[in-house]
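Here is a colleague's note on the model below, written as numbered points. Please read it with the structure open.

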Amino acid sequence: MSNRISEIEVTPIKPINGLVAFASFVFDDSFYLGSIGVYTRPSGGYRLAYPTRKTANGGLHVFHPINRKIATQIEEEIITKFKEVVRLSN
């Protein structure tokens, strides 16, 4: 598997409780993944939050990376795109 991440889109928003943008991307030319939150870290930098659905028993993960390697790759590519979008809008 190639783990190719493409068509990254980032939409900055007015910050709300650390949430600064939403992101989406296409994985391996096969899956569209969206509604990924980009949050500021209290110590600096950014982190991603993947969508969940509220249920009576808590939350249900819609999707999320299951290993550190792909999680890091997705985070790095989305945050790079976020910084580019913010830089171009200023």
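The points below go from the chain as a whole to the largest pocket and then to single residues.

1. Status and fold. The model is predicted, not experimental. The chain holds one helix and six strands. In sequence order these elements give β-β-β-β-β-β-α, so the helix comes after the strands, as the elements are numbered from the N terminus.

2. Overall dimensions. The C-alpha trace spans about 40 × 35 × 20 Å along the principal axes of the chain. The radius of gyration is 14 Å, which agrees with the value near 12 Å that a compact globule of 90 residues would have.

3. Burial, surface and contacts. Of the 90 residues in the chain, 33% are buried. The chain exposes about 6400 Å², and carbon and sulfur atoms supply 53% of that area. Among contacts with a separation of 6 or more, 34% are between residues 24 or more positions apart.

4. The largest pocket. Which elements each supply at least two residues of the lining of the largest pocket? They are β2 (19–27), β3 (31–40) and α1 (68–89). The space in this pocket is about 200 Å³. Its lining consists of F25, F27, F31, L33, Y50, F63, H64, P65, I66, I70 and I74. By class, the lining has ten nonpolar residues, one polar residue and no charged residue. The polar one is H64, because histidine is not among the residue types counted as nonpolar or charged.

5. L33, a lining residue. L33 is in strand β3 and belongs to the lining of the largest pocket. Is L33 buried or exposed? L33 is buried, because its relative accessible area is 18% and the cut-off for burial is under 20%. Leaving aside residues up to four places away in sequence, L33 touches A23, S24, F25, F27 and F63. Of these contacts, F25, F27 and F63 also appear in the pocket lining. L33 and I8 are 25 residues apart in sequence, and their C-alpha atoms are 9.7 Å apart in space.

6. N3, ahead of the strands. N3 lies in the segment before β1 (5–16). N3 counts as buried because its relative accessibility is 18%. With residues up to four places away in sequence not counted, N3 touches F27, D28, I70 and Q73. Two of these partners, F27 and I70, are in the lining of the largest pocket.

7. F22, on strand β2. F22 is found in strand β2. At 36% relative accessibility, F22 counts as partly exposed, because that category lies between the 20% and 50% limits. Its contacts, not counting residues up to four places away in sequence, are E9, V10, T11, I13, S35, I36 and G37. The C-alpha atoms of F22 and R87 are separated by 16 Å, with their positions 65 residues apart along the chain.

8. Positive phi values. Most residues other than glycine have a negative phi. Two residues here deserve a look on that account. D29, which is not a glycine, has a positive phi near 55°. D29 lies in the loop between β2 and β3 and counts as exposed, with 54% relative accessibility. S35 has a positive phi of about 60° and is not a glycine either. Unlike D29 in its loop, S35 is found in strand β3. At 51% relative accessibility, S35 counts as exposed, because the limit is over 50%. S35 is also one of the contacts of F22.

9. Exposed strand positions. K54 lies in strand β5 (residues 52–55) and counts as exposed at 83% relative accessibility. K54 and I70 are 16 residues apart along the chain, and their C-alpha atoms are separated by 25 Å. I70 is one of the residues lining the largest pocket. P15 is placed in strand β1 and counts as exposed at 58% relative accessibility. From P15 to P65 the C-alpha distance is 25 Å, and the two are 50 residues apart in sequence. P65, like I70, belongs to the pocket lining.

Conventions:
Residues are numbered from 1 along each chain as its sequence is written. This is a predicted model: local features need pLDDT of at least 70, side-chain atom pairs count only at pLDDT 80 or more; totals for chains, interfaces and linings use all residues. Side-chain values use heavy atoms; hydrogens and water are left out. On a 1 Å grid over the protein atoms alone, a cavity is a set of points where a 1.4 Å probe fits but cannot get out, and a pocket is an open set with protein on both sides within 12 Å along at least five of seven lines; lining residues have an atom within 4 Å of a point. Grid points are joined across faces, edges and corners, and a volume is the space filled by probe spheres set on the points. Helices (H or I, at least four residues) and strands (E, at least two) are DSSP runs, numbered from the N terminus. The radius of gyration is taken over C-alpha atoms; the globule rule is 2.2 Å times the number of residues to the power 0.38. Buried means under 20% relative accessible area, exposed over 50%, partly exposed in between (1.4 Å probe, protein chains only). Contact means heavy atoms within 4.5 Å. Accessible areas come from the Shrake-Rupley method with a 1.4 Å probe; for residues, only the protein chains shown count as cover.
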